[in-house]
Amino acid sequence: MKKYVYCILMVTMLLTVACRSASINPKPNSKTVVARHGKLRVSGTALVDAHADTLALHGVSLGWHNWWPRFYTAETINWLKKDWNVQVVRAAIGVEPDQAYLQNPEAALKQLYAVVDAAIAAGVYVIVDWHAHHLHTQQAKEFFRTVAHKYGRYPNVIYEIFNEPMETSWEEIQAYAKEVIPVIRAIDPDNIILVGCPNWDQDIHLVADNPIEGFSNLMYTVHFYAGTHKQFLRDRAEYALAKGIPIFVSECAGMNADGDGPIDQKEWTIWKEWMAQHQISWIAWSIADKNESCSMIADQQVPANGWSDKQLKPWGKMVRQDLKTINK
């Protein structure tokens, strides 16, 4: 009997210690978007989570890393999660301009790693965006091989292998994708890969007529600026969806295609409603302080986080409110 009582007491003590330990050291990020949804995949035209539930992600893109490196920090990512309710952030790793990846790959990777590490710690998804306008196949393969080796085991990571192709045919983009995708898949067999399409991601109808075959978990990007891209682009996207093409809007904004001009609130609302109807993810452009209406931060004197309304441009205020409303 004494032995039995002693065993009961020992079990009780161990349970008490375990409970106290759990309360002191809770499971990290247990309530984050990634903890809730886990590894993503493509089912038909839908993005679905680990529970096979359709999911549309909403977030923001950082500006080009080579021009706005001050936002490529954990402080910025944490603020966007805390105050803007982002589910996903996009690291726009510039490729071609002065001091971008082709000239300084070490700096580009350092800034990318800061963002991806912060996104993983914060429990949000992160798009690794090869922010190029022209083909650089060998450099892209090297870049994505490096990134996949470092982060391919994390469910947070989404690869965007060609931002906005210019003067490049769909056949050329296909050939490029068929070289880059296997590099990623040799290391990371299943995280989502986003593929661009011709004419600044406008010609999604060409993809619909001749999609890439032989790979899983691919989605195709459509980019729109609501002041310029109106019903004609939604019609093209509808055509693609009807033909089974999964779409991800990895860049969008409410003004003209040059990133400037007034916000077309009517068309932005139509686009939001259209994307919600089709459960399509969208990323708003951009966290930057350039003197244009699509850059969300007022000026270079504004800190890299902790922004007040006065420190945001009208577009930044709109997107912040949209995200806080949608991503409850």
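Trainee: So a helix is a DSSP run of H or I, at least four residues long, numbered from the N terminus; which helix is the place of W200, then?

Mentor: W200 sits in helix α7, which covers residues 198–201, and please keep in mind throughout that we are looking at a predicted model.

Trainee: Is there anything unusual about W200, say, what is its phi?

Mentor: The phi of W200 is near 65°, which is a positive value in a residue other than glycine. With a relative accessible area of 39%, W200 counts as partly exposed, because that class lies between the cut-offs of 20% and 50%.

Trainee: Which other residue that is not a glycine has a positive phi, of about 70°?

Mentor: That is A52, with a phi of about 70°, and A52 belongs to the loop between β2 (46–48) and β3. A52 is partly exposed, at 47% relative accessibility.

Trainee: Since it's predicted, how high is the mean pLDDT?

Mentor: The protein has a mean pLDDT of 92, and 91% of its residues reach 70 or more. Residues 1–28 need care, however, since pLDDT stays under 50 there and the model has zero contacts for them beyond four places in sequence. Where pLDDT is low, the predicted coordinates should not be read in detail.

Trainee: OK, pockets. What volume does the largest one have?

Mentor: The largest pocket has a volume of about 400 Å³. It is lined by 24 residues, and those closest to its centre are E164, W200, Y225, E251 and A257, so the W200 we began with turns up again here.

Trainee: Which elements give two or more residues to that lining?

Mentor: Those are β8 (218–225) and β10 (282–287), and β8 gives the largest share, with three residues. By class, the lining of the largest pocket divides into 10 nonpolar, nine polar and five charged residues.

Trainee: You mentioned β10; which peptide bond at S286 is cis?

Mentor: The bond from W285 to S286 is cis, with omega near -5°, and S286 has its place in strand β10.

Trainee: And the second largest pocket, which residues are closest to its centre?

Mentor: That pocket has a volume of about 280 Å³, and of its 17 lining residues the closest to the centre are V33, R36, Q87, N327 and K328. Helix α2 (residues 33–37) supplies the largest share of the lining, three residues, while the classes come to six nonpolar, seven polar and four charged residues.

Trainee: How many cavities of 30 Å³ or more does the structure hold?

Mentor: It holds one, with a volume of about 40 Å³. Its lining includes T45, L55, M219 and I247, and by class that lining has six nonpolar, three polar and no charged residues.

Trainee: Last topic, strand β4: why is it called largely enclosed?

Mentor: Seven of the seven residues of β4 (residues 88–94) are buried, so this strand is largely enclosed by the rest of the structure. In a regular strand the side chains alternate between the two faces of the sheet. Here V88, R90, A92 and G94 point one way while V89, A91 and I93 point the other way, and all are buried.

Trainee: Which strand do three bridges join to β4?

Mentor: Strand β3 (residues 58–62) is joined to β4 by three bridges, and the two run parallel; within β4, V88 is the bridge partner of G59.

Terms used. Residues numbered from 1 in each chain as written. Predicted model: local features only at pLDDT ≥ 70, side-chain atom pairs only at ≥ 80, totals over all residues. Heavy atoms only, no water. pLDDT = per-residue confidence, 0-100. Contact = heavy atoms within 4.5 Å. 1 Å grid on protein atoms, 1.4 Å probe; cavity = no way out; pocket = protein on both sides within 12 Å on 5 of 7 lines; lining within 4 Å. Points joined across faces, edges and corners; volume = space filled by probe spheres on them. Nonpolar A, V, L, I, M, F, W, Y, C, P; charged D, E, K, R; others polar. Buried < 20%, exposed > 50% of the residue type's maximum accessible area, 1.4 Å probe, protein only. Pairing = 2+ DSSP bridges.
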